[in-house]
Amino acid sequence: MKKYFSFICIVLLSIQLYSQKVGLVLSGGGAKGIAHIGIIKVLEDNNIPIDYVAGTSIGAIVAGLYASGMSPEEMLELFNSDEFMLWSTGKMDKDDLFYFQKKDESPEWLSLDISKKENGVKLLLPTNLIPERQMDFAFMQITAQTTAICNRDFDQLFVPFRSVSTDIYNNKAVIHRDGDLGLAIRASMTFPLVYKPVEMDGLLLFDGGIVNNFPWDVMHKDFNPDIIIGHKVTNMGDKPDPDDLFSQIETIVTQTTNYDLPDSLGFLLETKLNEVGLLDFPKANYINSKGMETGLAIIDSVKQTIGRRVPKQVVEQRRQAFKAQKPELLFNNIQVEGIKDNSKRRYIIQSIKSRDSILTLEELRNSYFKLISDEQIKSIQPLAYFNSQTEYFDLHLKVEPSKPFDIEFGGHISTRANTFGFLEGNYKVFKNRAYVLSSNLYFGRFYNSFKIGGRIDTPTRNPFYVSAYYTLNLWDYSATSTDLIFTDIKPSYIRQTENNAKIEVGTPFSKHGLLNFGVSWSRSNDRYYQTNVFNEGDKLDETSIDAYSAHIRIDKKNYDYKIFPTEGERKLFTMRYINGFEQFNPGTTAPIQEESSTNHSYFQIRALYDKYFKTSKYITLGAMAEAQINNNTLYSNYTASAINAPAFAPTPNSKSIYNEQYRAYQYFAVGGKFLFNISKNTHLRTELYSFLPIQGIQSGEKQSAVFSDDIFPYVHLMGMGSLVVQTRVGPLSFEVNYYEKPGQKWFFSVNMGYMIFNQRGF
């Protein structure tokens, strides 16, 4: 009898061991959570089943991707991809930037919305450090088909799934058991101050780690598996780094969580990653390897406890069968949420709808990023709902319009005297069309400017804009004739004042291409000395020019940064006709003490080609060529002719220096660039250019201007070496610039910001 009893016990124990259900629980912890992938790989490689998954924050991402049918190898490849780096940093891919939607470039560092309140107006600080536009589209793209085949029931996924987010108002956990998979993951990983919160069912949701960073209790309650394998990567209790803002935020935000998984329920694994920060996603391979080390160290104990085995080949076959059910990601109906005004809804739909009634993913991607490039739109959350009747996805766009008013701050700070500040205010409104009124102000020793005007955009099948602006520009080039800002500066010897009014009409000819036409009026006043020997009380010579111009411009541009780009290219062709009247009034030092006036009527053609070639992970090469053709006649004297000749200024520093050696009516220039990429945001660069005037301007008798007799009379070199760090507010650069000019040839400077000015009239 005892033998039979023992046999029955063995049989029952065997049945229990070989029918065990296993749940995997993954903690939050930022980039450290990539170690979860290593744990999953070790379990799969050893045929240990994973029947349920639950996670918080990065744990929800890994668990959700696994539940959607991604293998450990596919997940690691995703975290290593350039696309994921863009999602996690909020940086826009240069290929997703629509040049037509971008306003004129400015030296802006920070933009703040202005909200009208009952007690006045209020500046609204940014609520998140990283824009969510890339991430929201990515989660929709990755999970929409999975949400469709599970019919929004997370128990019907490849592996049943749970995630946790935090209802921030009530400070309690929200368990995601159904709905949109991407939205459930996105809500769980919305770390405060880093990412924008998610609105769902009337709740404002943040990272689940605020209330439950290790949801083993959710796993136990919802699935009641026989064994729970928990993996913890957060190192809570460790003192935050005083120099690491994100580690401090993580410590403040993440409340004490019960990581003490009872021994009776299973295993608690822990991977120590003190050297990995919250957003250290570039360390994905290293973090994954540490997770695998943790898994391998305990796998023998896991095998002894879990008798059930599921061969890896069987898991892969089931994974492929699950994926095969996914419908093709095609979009039909578009619905706009968050905006009640029908004219505004039409504006958005017209901006995103293609010629065909069915949108492919690539067509939607182009339209989506075109729309979020529109400054009228603050954010768009795309959600895809599978329509079983049409067998297409319905696209729901949760749109948040921009605040009508915003203010921008920026400028350029330097150890040289070309420092200036920048302030701009904008008023934005859209109905069937988009309207922007703006005004800006530059202020500094070297450059001052004021601009006011507006732009109207029409989102037709072939969109176009009309803009009109008035600009006042003032340059004092003598302020930058010395090296350091604290060096004594001589009296000004070249001051330019220009007023211009311009009207333009533009339309895109490609994603990165812009075609525009325009007319402008300009009145400039140049005050200068024709000699370097002058007294402070001497009267300056003065040349005034009243001119009208018309132009056509073809511009294709997709740089990754406004200045110091490391990727992309620019192709520019401009043709302009100018008709102007010159008036010269001599000063006390002028060689010729007679007033004069001259009419100028001429064409000006400029062509530019600039491209970057990434040859390896660390090396990028660049090539540039520029040509300028101008049939203008010379001005009343040599200095006036040089001042009004087109200038070759390919580097930021060269735009702030008046140098006759690089000015000519007609010239050809070529250049090469060598970049050594230290990290994603830091690089060393060297640039070398050759400037060849086709016909140089020379000083004749009594400072008159004459053309040189020779074609290509000389070649002048220009060079720059710099260390560039692209920060969130602009580039920080340590530069050495070389110019072939009389006197000082080398210029060293430390700079922060953008050497970008308001446009001239022509």
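These are legends for an overview and several close-ups of a predicted model of one protein chain.

**Figure 1. The whole chain, before we zoom in.** Start with the bookkeeping: the protein chain has 14 helices and 31 strands. Measured out along the principal axes, its C-alpha atoms fill a box of roughly 130 × 55 × 55 Å. Of the 762 residues in the chain, 53% count as buried. The accessible surface comes to about 34100 Å², and carbon and sulfur atoms account for 56% of that. If you like contact maps, take the contacts between residues at least 6 apart in sequence: 67% of them join residues at least 24 apart. On the charge side, there are 80 positive and 84 negative charges, and their mean positions sit 3 Å apart.

**Figure 2. Helix α2 against helix α3.** Two packed helices are described by the angle between their axes and the distance between the axes. Here, α2 (residues 35-45) and α3 (residues 58-67) pack at an angle of about 35 degrees, with the axes 10 Å apart. From α2, the contact takes in His36, Ile37, Ile40 and Glu44, while α3 brings Gly59, Val62 and Tyr66. Sorted by class, that makes 4 nonpolar, 2 polar and 1 charged.

**Figure 3. Helix α2 again, now with helix α11.** The partner in this view is α11 (residues 312-324), whose axis comes within 8 Å of that of α2 and crosses it at roughly 115 degrees. Look for Lys41, Glu44 and Asp45 on the α2 side, and Lys312, Val315 and Arg319 on the α11 side. The class count for this contact is 1 nonpolar, no polar and 5 charged residues. Glu44 may ring a bell: it is listed in the contact with α3 and in the one with α11.

**Figure 4. Helix α4 packed on helix α10.** For α4 (residues 72-80) and α10 (residues 284-305), the packing angle is about 150 degrees and the axes are 9 Å apart. Leu76, Phe79 and Asn80 of α4 meet Ala284, Asn285 and Asn288 of α10. The contact splits into 3 nonpolar, 3 polar and no charged residues.

**Figure 5. Lys451, a lysine in a strand.** Lys451 belongs to strand β17 (residues 447-458). Its relative accessible area is 11%, under the 20% cut-off, so Lys451 counts as buried. Setting aside residues up to four places away in sequence, Lys451 touches Asp104, Ser438, Ser439, Asn440, Tyr469, Tyr470, Thr471 and Asn758.

**Figure 6. Ser549 and its surroundings.** Ser549 is found in strand β21. With a relative accessible area of 6%, Ser549 is buried. Skip the neighbours within four places in sequence, and its contacts are Gly518, Val519, Ser520, Arg576, Tyr577, Ile578, Gly761 and Phe762. Ser601 is worth labelling too: Ser549 and Ser601 are 52 residues apart in sequence, and their C-alpha atoms are 9.7 Å apart in space.

**Figure 7. Arg663 in its loop.** Arg663 lies in the loop between α14 (638-643) and β25 (667-677). Its relative accessible area is 9%, so this arginine is buried. Leaving out neighbours within four places in sequence, Arg663 is in contact with Tyr477, Ala642, Ile643, Ala645, Pro646, Ala647, Tyr658 and Phe691. Leu692 is 29 residues away along the chain, with a C-alpha separation of 9.8 Å from Arg663.

**Figure 8. Positive phi at Arg152 and Phe564.** Arg152 isn't a glycine, yet it has a positive phi of about 65 degrees. Arg152 is in the loop between α6 (133-149) and β5 (161-167), and at 31% relative accessibility it counts as partly exposed. Phe564, another residue other than glycine, has a positive phi near 55 degrees. Phe564 is in the loop between β21 (541-557) and β22 (569-585), and its relative accessible area of 5% makes it buried.

**Figure 9. Glu83 on helix α5.** Glu83 is found in α5 (residues 82-89) and is partly exposed, with a relative accessible area of 45%. Asp207 is 124 residues from Glu83 along the chain, and the two C-alpha atoms are separated by 22 Å.

Methods
Residues numbered from 1 in each chain as written. Predicted model: local features only at pLDDT ≥ 70, side-chain atom pairs only at ≥ 80, totals over all residues. Heavy atoms only, no water. Axes fitted to C-alpha atoms, helices over the stretch in contact; angles between N-to-C directions. Helix = DSSP H or I, 4+ residues; strand = E, 2+ residues; numbered from the N terminus. Contact = heavy atoms within 4.5 Å. Nonpolar A, V, L, I, M, F, W, Y, C, P; charged D, E, K, R; others polar. Buried < 20%, exposed > 50% of the residue type's maximum accessible area, 1.4 Å probe, protein only. Areas by Shrake-Rupley, 256 points an atom, 1.4 Å probe, with all protein chains shown as cover. Lys, Arg positive; Asp, Glu negative; His and termini not counted. Charge placed at Lys NZ, Arg CZ, Asp CG, Glu CD.
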